[in-house]
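User: I am new to this structure and would be grateful for a close look at a single part of it. Please describe that part carefully, and then place it in its surroundings.

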Amino acid sequence: MSPLIYRPDGEVGQAATSLAIAPAALDGLRIGVLDNGKPNAALVMTRLAESLAERVDAAVSLVTKKGPHGRSANAAIPCAPDVFARVVDESDVVITGTADCGSCTAYSVHDAIELEKVGKPAIVVTTTQFATIAETMSEHFGLPDTRRLVLPHPIGGTDAMTLESWADAAVDTALTLLEP
Amino acid sequence: MTTRVEQRLLEVADTSPETLQAVLEEHGWGDGLPVVPPTEDRVDRMLAQVPGDPDEELGVLHPRAGVVTPRVAAVNAVLAGCTPEAFPVVVAAARALARPELNLRGVNATTHPVAPLLIVHGEIARRGGFNAGVGAFGPGSRANATVGRAVRLVLLHVAGAVPGSGDASSQGQPAKYAYCVAENIDESPWESYAVSRGVTAPSAVTIHCGEGPHNVHDMESAGDPALILDKIASAMTSLGMNNAPISQGELFVGFGPEHAHSLAMVGLGRGDIASYLFDHARIRAGVLRRHFEERAWATWMKIVADDHLLPMTGHPDNIRVFVVGGPGKHTSLIPSWGMTTSVTLPVEEGDGS
């Protein structure tokens, strides 16, 4: 008989979850932006929300940082509970991020999954250089098919006009991600 | 019917280093170095050194959400080349890594080069053969090397901290291979670090998630210990470390015994040293504001004027003092990743049965 060795990886403890049901139509809906404070995150995500709202006749209802009271943000921890409650209350769909580093990708994906769990479809804005990390994190956190919108890299350090053009060009992808 | 434990077994052609290496690579496992085959008898010898059920859950390690048990920890300890005598430290470390305040999901996923530093305290440091003295952060001690490596293998295999998927560290760092020292209690003028944090068990382990050690060399300070502390404060005063924008981060200072004695001789204790460094390692608020768009600062730090000199952490208690190393005039500063809090836990040992 061949020798036996133990696997070193252990079992996975995370329960699988599923996406929220996407709205049948986007017109009249409220789009929230949950900003993790990464450089240019608010700029590019707000532009994306505005362009998306214009296309489908929706409204940008809320742009907030994810720290307590929305006054600050730290990308390396979960969204503050008071801000999470406000986002859930004031939005029908959410754009969150930016997932363009390591811990911020982990926690942007985490926040998006928590929103999906309470019925709010959430787009995670990531970049080409962090798309793989975002995908792995989604698998690890029990929801492989998070709604990931991949922009060029980097978001931090890129000028506003370029970022706005990236956001505008991503509206079609955002619509696809929000299809029922 | 196979049991859950049997399902964890893999059949291999043989247990040669070459075959083992190929098996690891095929599964995306390993740290790149050769391993010891984790056979059932070797794993059982590890498990005999810890109390309790070998399949009890010690914690869930993120981002993979892998469940770590004593058995899973033992498999990784065997792979790393640990001795059974040192293995209880790996189990305590696994528990510590799962603690929420350590924020392992962030520690593993970040682009920062953070690695968990293990500091081993008490009886097991001596019995397990850990090096607290000359070259403690470096090679030559089986316990330091293999316990440090075992913890990294647990992070790779159980927590999924694989570079490029679960670990985004832009550059990595050598401490991600193994990062384990013992506290040099024999030459410390102060009580054990673990005791100072309220852990009075005979053996304990501390985990601090930070950078590699930054050396502070001072041999000019005979009779004036302030010169040692000023040099440490100078090393702490850096815009390049995450302690600058994140005020909850700790700064561990591993004093060489000679520096420690120079300070203790004039009556300085841990709290005095922390207060001195809190007071002397400072950067102007306006400079910090200019450099960091987002600052995770304690509320009191947010309201100061631009010309105010701010400390490098929000509270003196975040400056942590221990003794490590051998003869010479060197001390190590280990800055934090930031959004993490160190954990000190007792090490529980079995009766060898």
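Analyst: A contact, as the word is used here, means heavy atoms within 4.5 Å. The model is a predicted one. The part chosen for the close look is chain A, and its contacts offer a starting point. When residues at least 6 apart in sequence are considered, 76% of the contacts in chain A join residues at least 24 apart.

The secondary structure of chain A consists of six helices and six strands. Followed along the sequence, these elements appear in the order β-β-α-β-α-β-α-β-α-β-α-α. For its 180 residues a compact globule would have a radius of gyration near 16 Å, and the 17 Å of chain A agrees with this. Taken along the principal axes, a box of roughly 70 × 35 × 30 Å holds the C-alpha atoms of chain A. Of the 180 residues in chain A, 56% are buried. The accessible surface of chain A is about 7100 Å², and carbon and sulfur atoms account for 52% of that surface. Chain A carries 13 positive and 23 negative charges, and the mean positions of these two sets lie 5 Å apart.

Within this chain, helix α4(A) deserves particular attention. The helix covers residues 131-140, and its buried residues are Ile133(A), Ala134(A), Thr136(A), Met137(A), Ser138(A) and His140(A). What do these buried residues pack against? In chain A their partners are α3 (102-117), β5 (122-127) and β6 (147-151), and chain B adds α6 (104-109). The packing of α4(A) thus involves elements of both chains. Just after this helix comes Gly142(A), with a positive phi of about 90°.

Several further backbone details of chain A can be located. Thr98(A) belongs to strand β4 of chain A, which covers residues 93-99. The peptide bond that joins Gly97(A) and Thr98(A) is cis, with omega at about 10°. A cis peptide bond also runs from His153(A) to Pro154(A), where omega is near 0°. Pro154(A) is placed in the loop between β6 and α5 (160-169) of chain A. In another loop, the one between β3 (59-65) and α2 (81-90) of chain A, lies His69(A). His69(A) is not a glycine, yet its phi is positive, at about 60°. The relative accessibility of His69(A) is 56%, and exposed means over 50%, so this residue counts as exposed.

The surroundings of chain A are formed by chain B. To the contact between them, chain A contributes 35 residues and chain B contributes 51 residues. Ile5(A), Tyr6(A) and Pro8(A) together supply 25% of the area that chain A buries against chain B, more than any other three residues. The size of an interface is often expressed as the accessible area that is lost when the parts come together. Between chain A and chain B the buried area is about 3800 Å², with 59% of it given by carbon and sulfur atoms.

Chain B itself may now be described in the same terms. Its secondary structure comprises 14 helices and 13 strands. The radius of gyration of chain B is 21 Å, close to the 20 Å that the globule rule gives for 353 residues, so chain B is as compact as a globular protein of that length. Its C-alpha trace spans about 70 × 45 × 35 Å along the principal axes. Among the 353 residues of chain B, 58% are buried. Of the contacts in chain B with a separation of 6 or more, 80% come from residues 24 or more positions apart. Chain B exposes about 13800 Å², and 53% of this is supplied by carbon and sulfur atoms. In chain B the mean position of the 26 positive charges and that of the 39 negative charges are 5 Å apart.

Two residues of chain B complete the picture. Ala65(B) is located in the loop between β2 (59-61) and β3 (66-68) of chain B. Although Ala65(B) is not a glycine, its phi is positive at about 60°. With a relative accessibility of 0%, Ala65(B) counts as buried. Asp224(B) sits in the loop between β7 (214-217) and α10 (226-236) of chain B. The relative accessible area of Asp224(B) is 33%, and this residue is therefore partly exposed. Along the chain, Asp224(B) and Ala132(B) are 92 residues apart, and their C-alpha atoms are separated by 26 Å.

Note on methods:
Residues numbered from 1 in each chain as written. Chains lettered and ligands numbered in written order. Predicted model: local features only at pLDDT ≥ 70, side-chain atom pairs only at ≥ 80, totals over all residues. Heavy atoms only, no water. Helix = DSSP H or I, 4+ residues; strand = E, 2+ residues; numbered from the N terminus. Rg over C-alpha atoms; globule rule 2.2 N^0.38 Å. Buried < 20%, exposed > 50% of the residue type's maximum accessible area, 1.4 Å probe, protein only. Areas by Shrake-Rupley, 256 points an atom, 1.4 Å probe, with all protein chains shown as cover. Lys, Arg positive; Asp, Glu negative; His and termini not counted. Charge placed at Lys NZ, Arg CZ, Asp CG, Glu CD. Buried area = accessible area lost by both parts, 1.4 Å probe.
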